Each structure stands twice: as structure tokens, then as C-alpha cells.
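Colleague: Could we go through the model together, taking the pocket before the core?

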Amino acid sequence: LGPGSWETVREVPLRGLRNVGNTCFLNSVAQVLMRTPAMVEWVMHHHAQGCLHEQGGCLLCAVALTVKQIKQGGQGARSVPVIAQRRADVGEAFADGEQHDAVEFFEQLLANVREGEIAANRFGIWGGIQIDRSVATHAERLFGFVRETRRRCTQCRGPVRSWFSCEHVLRLQPRIVAGGAMTVAEMYLESCAPVEGGEDVVCPVCERTTSHESQSRIKSAPNVLVVQMRRIGGVRPGVDVELQLDVPGLPAMELIGVLYH
């Protein structure tokens, strides 16, 4: 974690959110966001300063108003969360009352917030990064990280070239290993290992599309790191999530919350 005060989060009581159909995926994401200090300070400051939308109708305001509902207690806590009322603004698919993926909802929420920040001219120019638009908003300042991917042609063994992309979720794959469940640090370091013949890209030396070996790492860490464990093949290996994440090349991070489905 970077900016943000834990005192802000301590003001939000531990209280459940009412489901509207199968909206537990949404409420779970909201609960974690409401306990992320930098996120709470951002949404509350945004809402207090006055939103460009009438009556604070943007998604940042929806999170801020949900925080206020929780703080009110009583009827405020039992009412439908504002973020749930406006889930169709995140995406029409989320309004059907069915179960959805929590990370998919978070990413779409962040994408829409980013568009709102760009529309309000709250962004900075950000060149040299693979991203839909060469700008950075507060969404990138909080959750965005730069991934560096290095590739080298397996045919000519020419020079190593680097690509830089902006991502908001670190996706890791746990495996069943001897000695117990893998930690987040172990999975991340494993994801940084070289991969031979993993991608086909155009080689400037060969002047054709060839197989490349690749290797990637987080080049620039976010203030808030969102990690998704992607299990495949029907196997569900355990994960040992650290309370304090200490990975070479990244700042020390403190665990905020875990969503388990």
C-alpha cells in the first residue's frame, strides 16, 4: 500500500451488505474496496468536492454513498447498497440477478471509472506504455502497474527487446507442490521465469514472424496490488496468502482482504 490512512477505514464499521439476487460478488468487491485506505480517501474526496454528474451519479460516488450507508447503520445498512442499485452502470450483464465473477466486475468498474476521469480531464499524459489511451488517471495511480516483457527470437537469437504494458490485476496460477501450498511470492517469482517458444511475434532481424522466448516482471509497482489466482483443469490447489508480501523488486505490502469463491 502507498497513500491512504487506516484511520479513514477504521471509521467504516464491520457490517454486511444486503444482496439483491446473487450480488454477493458485487458486495464482496465493495467490502474490500471500502477497507482499502487509498480507495476510501479517493472516493470520499471526489464526492465531497462535487461530482460533474447530477446528484453524484457516477460510480465513484456510488462507492462513496455505499460507505455512507454502512456508517449510518440501522435502515441505511439494511437498504440496497447504492453500488448494487447502479450495477447496470458498470455493465448491463451485472444487472441480471445472476452470479458473476468478482474480478470481472472489479475490472469493468475500474474501466468505467477511468473513462469518467478522462471525460472530466483528470488525467496525465503517459507515453511508451501499451494501454488503450496514452494517459494515466487516479485509477492507474492506485491500481495500475507496469509489466515489462522481454522477448528474444529463438531462430536468430538476436537482441532482446522489451515491451511495457499497464495492467490492473496480477494473475497467478497456483500448483500442487511438495511441502504445502504455494505462497503469493512463490507464484509471482515462478511467473517471472523464462518461457521458451511461448509467443510468435515479428523479428526485425529475421523479418518474419518467429517463435520467441519471453520473460516478464512487474517493472513499476502499484499502490494497491490486486491478485487473482487462476486455477485451471478442475484442480484446486491451496494458496498460502501472506499477511505481509515481501517480493524482491517490489515494496513491502500489507494484506487488505481476500475473496474466496
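Colleague: Which helix gives the most residues to the lining of the largest pocket?

Modeller: This is a predicted model, in which local features need pLDDT of at least 70 and side-chain atom pairs count only at pLDDT 80 or more, while totals for chains, interfaces and linings use all residues. Residues are numbered from 1 along each chain as its sequence is written, and side-chain values use heavy atoms, with hydrogens and water left out. Among the elements that give two or more residues to this lining are helix 8, strand 9 (227-229) and strand 12 (253-254), but the most, seven residues, come from helix 2.

Colleague: How do the residues of that lining divide into nonpolar, polar and charged?

Modeller: Here Ala, Val, Leu, Ile, Met, Phe, Trp, Tyr, Cys and Pro count as nonpolar, Asp, Glu, Lys and Arg as charged, and the others, Gly among them, as polar. The lining residues divide into 25 nonpolar, nine polar and six charged.

Colleague: Which helix supplies the largest share of the largest nonpolar core?

Modeller: Of the 39 residues in this core, M39, F105, L109 and F143 touch the most other members. Helix 2 (24-33), helix 3 (37-49) and helix 8 (102-119) are among the helices that each supply at least two of its residues, yet the largest share, eight residues, comes from helix 4.

Colleague: Which residues does M39 touch, not counting those up to four places away in sequence?

Modeller: Contact means heavy atoms within 4.5 Å. With residues up to four places away in sequence not counted, M39 touches L33, L60, L142 and F143.

Definitions and conventions. A nonpolar core is a set of buried Ala, Val, Leu, Ile, Met, Phe, Trp, Tyr and Cys residues joined through side-chain atoms within 4.5 Å. Buried means under 20% relative accessible area, exposed over 50%, partly exposed in between (1.4 Å probe, protein chains only). Helices (H or I, at least four residues) and strands (E, at least two) are DSSP runs, numbered from the N terminus.
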